[in-house]
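Trainee: Please take a close look with me at the buried interior of this model. What sits there, and what surrounds it?

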Amino acid sequence: HCWCCATSRHSPARSLSTAVVSFHSPHPKYPTKQKKEHAKLILEFLHEKIALDKQGDKGLQIAMRVPTKFDQQELGKLLDGIQKELQCTQSDLKGMIEKFPQLLGQDLVETMEKFKWLQTQLSLSDVELKKLVQRLPQLFAYAKDENLEKTLQWLQNKLQLNSQDQLKQFVLRLPQVLGLSIENNLAPTFHFYEKHLGEEKAIKWVSTDPSLLGYSLINRLEVRFEVAQKLGMNLDDELMRKIAKCPEKEWEPFTQGYPERSQKALHLGMTLDDDLVRKIAKYPEQEWEAFVQSFSERLEEARGLKMKLDDELKNKAAKLSKKQWETFATKTKGRL
């Protein structure tokens, strides 16, 4: 996501309480004795409340995130409130906390007001809202006015998601879009597709495949596009989709094999036209080897029939189907 590639996120909500502000401030590298003692008490409480593992460092690191002004009673009210409002299980709650420990410092009333607003905006059922928050617990920290509202408006306007259901389905397919900065991620990434596909096609692609907005522009899309350009690949729709969606483990061998295939094709006398470029780019290794072998065998057959090995013949050898080539060769034999 390749989401690890999408680096720039919304800033936390500025309207949250001072407890939340201190929560988002980095905790001291060397915590005070008071902080350590508080964290031990919180960890023990979380272990009993949601079965958080208290062995090892992970549980303690989560407990260290809880502001010292939050005691067990206040934390209990917060957890009970989240469970009640989202109708989630102890296991659900534990999973969200492990993904995003910062939710332990949020203001329950403000957060639930924000979730209700989001539920209304997207016409989410209670179950859909719970699943959305489970997949993206960072929603606890996103500001409604500064982040969520602006992002939803941008998606509607830019991608022409005219109905509430279209917007809802887009977000449910890619919840992380609510955490991406318009200025640093969404707008520049969409512009990349718009620039190389045209506005109409870019809108169609992205609106039907939200994951396209999640790939890093700098670390993935632009780098791959430049590589494809340098290799002389035909930058058609299929290759553009491959640039965005091809897994890294497949992209690297694909680009490494392209020059070798091109050189081999030229050595055999093939014409490097758009059709051949597509074959070079798209054929799996086994299919490519079979194609090269077939081309070589056809040239040998043509030599045996005393045909003139010009560009027209080589073009036929490269493009005709098996049946078409057999018909062509039979006719040539008949004339001879």
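Mentor: D92 is buried, at 16% relative accessible area; buried means under 20% and exposed over 50%, with a 1.4 Å probe and protein chains only. This is a predicted model, in which local features need pLDDT of at least 70 and side-chain atom pairs count only at pLDDT 80 or more, while totals for chains, interfaces and linings use all residues. Residues are numbered from 1 along each chain as its sequence is written, and side-chain values use heavy atoms, with hydrogens and water left out.

Stay with D92. Its place is in helix α5, residues 90-99; helices are DSSP runs of H or I with at least four residues, numbered from the N terminus. The side chain of D92 reaches the backbone nitrogen of T89 at 2.9 Å. Beyond neighbours within four places in sequence, D92 is in contact with K130 and Q134 (heavy atoms within 4.5 Å). Q134 is 42 residues away from D92 in sequence, yet their C-alpha atoms lie 7.2 Å apart.

K130 leads to a cavity. Together with E85, L86, K116, Q119, D126 and L129, K130 lines the second largest cavity. Three helices each give two or more residues to that lining: α4 (72-86), α6 (108-122) and α7 (126-135). The most comes from α7, with three residues. A cavity is a set of points on a 1 Å grid over the protein atoms alone where a 1.4 Å probe fits but cannot get out, and lining residues have an atom within 4 Å of a point. The volume of the second largest cavity is about 40 Å³, counted as the space filled by probe spheres set on the points. Its lining has four charged, two nonpolar and one polar residue. Asp, Glu, Lys and Arg count as charged; Ala, Val, Leu, Ile, Met, Phe, Trp, Tyr, Cys and Pro as nonpolar; the others, Gly among them, as polar.

In total, the structure holds two cavities of 30 Å³ or more. The largest has about 80 Å³ of space. Its lining includes M270, D275, K279, F291 and A318. Helices α15 (274-282) and α17 (311-319) are the elements that give two or more residues to this lining. The largest share, four residues, is from α17. By class, five lining residues are charged, four nonpolar and three polar.

Now pick K279 from that wall. K279 is found in α15. K279 is buried, with a relative accessible area of 11%. Its side chain makes a polar contact with the side chain of D275 at 2.7 Å. Such a contact is a pair of N or O atoms within 3.5 Å; within protein, one must be able to donate a hydrogen and the other to accept it, and residues adjacent in sequence count only if both atoms are side-chain atoms. Setting aside neighbours within four places in sequence, K279 touches R261, W288, F291 and A318. F291 is twelve residues from K279 in sequence, and 9.0 Å from C-alpha to C-alpha.

One further buried site is D209. D209 lies in the loop between α11 (199-208) and α12 (217-230). Its relative accessibility is 13%, so D209 counts as buried. The side chains of D209 and K245 make a polar contact at 3.1 Å. With neighbours within four places in sequence left out, D209 is in contact with R173, R241 and K245.

Conventions: 1 Å grid on protein atoms, 1.4 Å probe; cavity = no way out; pocket = protein on both sides within 12 Å on 5 of 7 lines; lining within 4 Å.
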